[in-house]
Amino acid sequence: MFKNDLDQTTSKHIPFSVETIRAHFPILHQVVNGNPLVYLDNAATTQKPLTVIEALKTYYSLDNANIHRGAHTLAARATEQYEKTRTTVKEFINAPSSDQVIFTKGTTDSINLVASTFGKTYIGKGDEIIISTMEHHSNIVPWQMLCQSTGAILKIIPISDTGELEMEAFSNILSPKTKLVSIVHVSNALGTVNPMAEIIQKAHAVGAKVLVDGAQSTSHLEVDVQELDCDFLAFSAHKLYGPTGLGVLYGKRDILESMPPYQGGGEMIKEVDFEGTTYNDIPFKFEAGTPNIADVIAFQKALDFILAVGRHNIHAHEQELLQYATEKLSTIKGFVPVGTASEKVSVLSFLIENMHPFDVGVMLDAGGIAVRTGHHCAQPLMKRFNIEGTVRASFAVYNTKNEIDTLYQWISRIAKRKN
Ligand code: C6P
């Protein structure tokens with residue numbers, strides 16, 4: 001349908017032109033409610049390039065088979081492609097080796113895996129887990145559940161009015177009792193980029209391990225697990241132009257090897273006997289059952305796309321959009337930004353005075369503009385700001401200044417009615 005200048009099998013450099021990039025995303029070229037679609041809900045999920053869509057079709061048309069099991073050609077092909085993605089993910093996050101890359105269902109699943117295995121093994125009564133006020137529910141609830149079952153204590157880093165972590169308060173709650181610090185790298189609701197290297201270094205100084213929720217950072221920043229020195233990194237493929245229902249958990253080798261399995265079943269074993277079972281090596285120990293083969297294989301194409309465009313190019317373009325949108329929308333009477341941290345990715349959360357965020361979202365939808373409204377699965381954060389929710393526009397590599405102009409026009413009209 002569209003000129004496809006991204007090579008189907010290998011990454012080829014795409015010159016940075018937003019129009020060239022948009023041509024890779026069929027979904028963007030449609031009319032919604034009588035207007036050209038303006039998709040600004042990328043923090044919820046990104047759209048998929050044609051190469052990802054085609055990889056799914058090719059896999060099911062030619063290669064579908066179960067992996068790591070069959071002796072036949074299709075099984076070998078599927079296994080090879082599945083493991084190739086693991087190697088690419090390893091390179092993408094600069095993990096020391098690909099067996100430290102575990103495929104999961106998503107960030108939520110990755111965090112639950114750590115809570116259920118590392119948590120139940122190493123965190124006990126009276127131990128402390130530190131999270132922050134700006135966490136997504138999937139980095140709150142698993143720890144609350146763990147605390148309920150073990151008697152561990154959850155401690156919270158407060159945040160400032162600009163939406164930044166209170167680092168002094170963090171230092172004050174850190175202690176030898178802290179066993180785990182689990183923090184979002186980039187806030188999905190505010191866009192704040194947290195000082196992860198400093199957090200990790202401080203946590204390690206008291207002997208705590210650190211999980212980085214990278215759901216929103218891996219799509220905007222170059223996340224290098226060795227440079228950060230994090231113990232775990234969790235993220236989702238669907239926020240990286242890849243398929244839904246697929247995520248990654250990276251972990252340090254010694255920790256992963258010392259953790260018990262998450263689930264029991266096929267693939268995660270070496271030998272099963274009624275007298276006892278021996279478990280497989282990492283990463284397979286944590287990948288029980290038939291995994292999400294097709295989506296892992298298609299995720300390769302999403303990573304190829306990002307690498308072909310260049311993460312520095314993506315970041316620079318998104319920062320330009322963020323600055324443009326923030327400046328432009330700030331001129332509207334009644335526009336109130338929520339989250340004004342000095343370091344942000346391309347997330348613009350806001351309110352329109354005297355209007356419910358949901359109503360703003362519905363009106364924008366009438367104009368073909370897709371944004372997210374509500375609490376963004378971060379209810380404690382909304383409580384901190386004393387609000388029910390926000391309107392959130394989040395930009396990706398394929399968004400344009402023209403689209404922001406359209407958003408501006410609609411918001412101006414909506415705000416004028418009420419202010
Ligand atoms: N945030 C949003 O609209 P899953 O659903 O498992 O792929 O990702 C969960 C998750 C964890 N941490 C952060 C920081 C996130 O942003 C998300 C997903 C989406 O903001 C959907 S709620």
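Biologist: How many bridges join strand β5 to β6, and do they run parallel or antiparallel?

Modeller: Here's the general idea: strands of a sheet pair through backbone hydrogen bonds, either parallel or antiparallel. In this predicted model, β5 (residues 128-132) is linked to β6 by five bridges, and the two run parallel. If you want a spot to look at, find I131, which sits opposite I156 in β6.

Biologist: What is the strand order in the open sheet of seven strands?

Modeller: Reading across, you get β4-β10-β9-β8-β7-β5-β6, and the pairing is mixed. The edges are β4 (101-104) and β6 (153-157); each has a single partner strand, so one side of each has no neighbour in the sheet. Neighbouring strands here are turned by 20° against each other on average, direction ignored.

Biologist: Which strands does helix α4 touch as it packs on the sheet?

Modeller: Helix α4 (residues 107-122) touches β4, β7 (178-184), β8 (209-213), β9 (232-236) and β10 (247-251). Compare directions too: α4 makes about 155° with β9.

Biologist: Now β14. How many of its six residues are buried?

Modeller: "Buried" means under 20% relative accessible area. For β14 (residues 347-352), six of the six residues are buried, so the rest of the structure largely encloses this strand. Check both faces: V347, S349 and L351 are on one side, with L348, F350 and I352 on the other, and all are buried.

Biologist: Which residues stand opposite each other where β14 pairs with β13?

Modeller: V336 stands opposite L351 in β14. Strand β13 (residues 335-337) pairs with β14 over three bridges, in the antiparallel sense. β14 is also joined to β17 (residues 390-394) by four bridges, again antiparallel. There, S349 has R392 in β17 as its bridge partner.

Biologist: And the nonpolar core? Which residues touch the most other members?

Modeller: The general idea is that in soluble globular proteins, nonpolar side chains tend to be buried together. The largest nonpolar core here has 81 residues, and V181, L233, Y241, F299, F305, L381 and Y398 touch the most other members. Helix α10 (residues 293-309) gives the most to this core, with 12 residues.

Biologist: Why does this core lie between domain 1 and domain 2?

Modeller: Because both domain 1 (2-48 + 310-418) and domain 2 (54-306) give residues to the core. Try clicking on Y398: leaving out residues up to four places away in sequence, its contacts include V18, F25, Y39, Y241 and E403. Apart from this core lies another, of 25 residues, with F335, A393, F395 and A415 among them.

Notes
Residues are numbered from 1 along each chain as its sequence is written. This is a predicted model: local features need pLDDT of at least 70, side-chain atom pairs count only at pLDDT 80 or more; totals for chains, interfaces and linings use all residues. Side-chain values use heavy atoms; hydrogens and water are left out. Two strands pair if DSSP finds at least two bridges between them. Axes are lines fitted to C-alpha atoms, for helices over the stretch in contact, and angles run from 0 to 180 degrees between N-to-C directions. Contact means heavy atoms within 4.5 Å. Buried means under 20% relative accessible area, exposed over 50%, partly exposed in between (1.4 Å probe, protein chains only). A nonpolar core is a set of buried Ala, Val, Leu, Ile, Met, Phe, Trp, Tyr and Cys residues joined through side-chain atoms within 4.5 Å. Domain bounds come from an automatic or database domain assignment.
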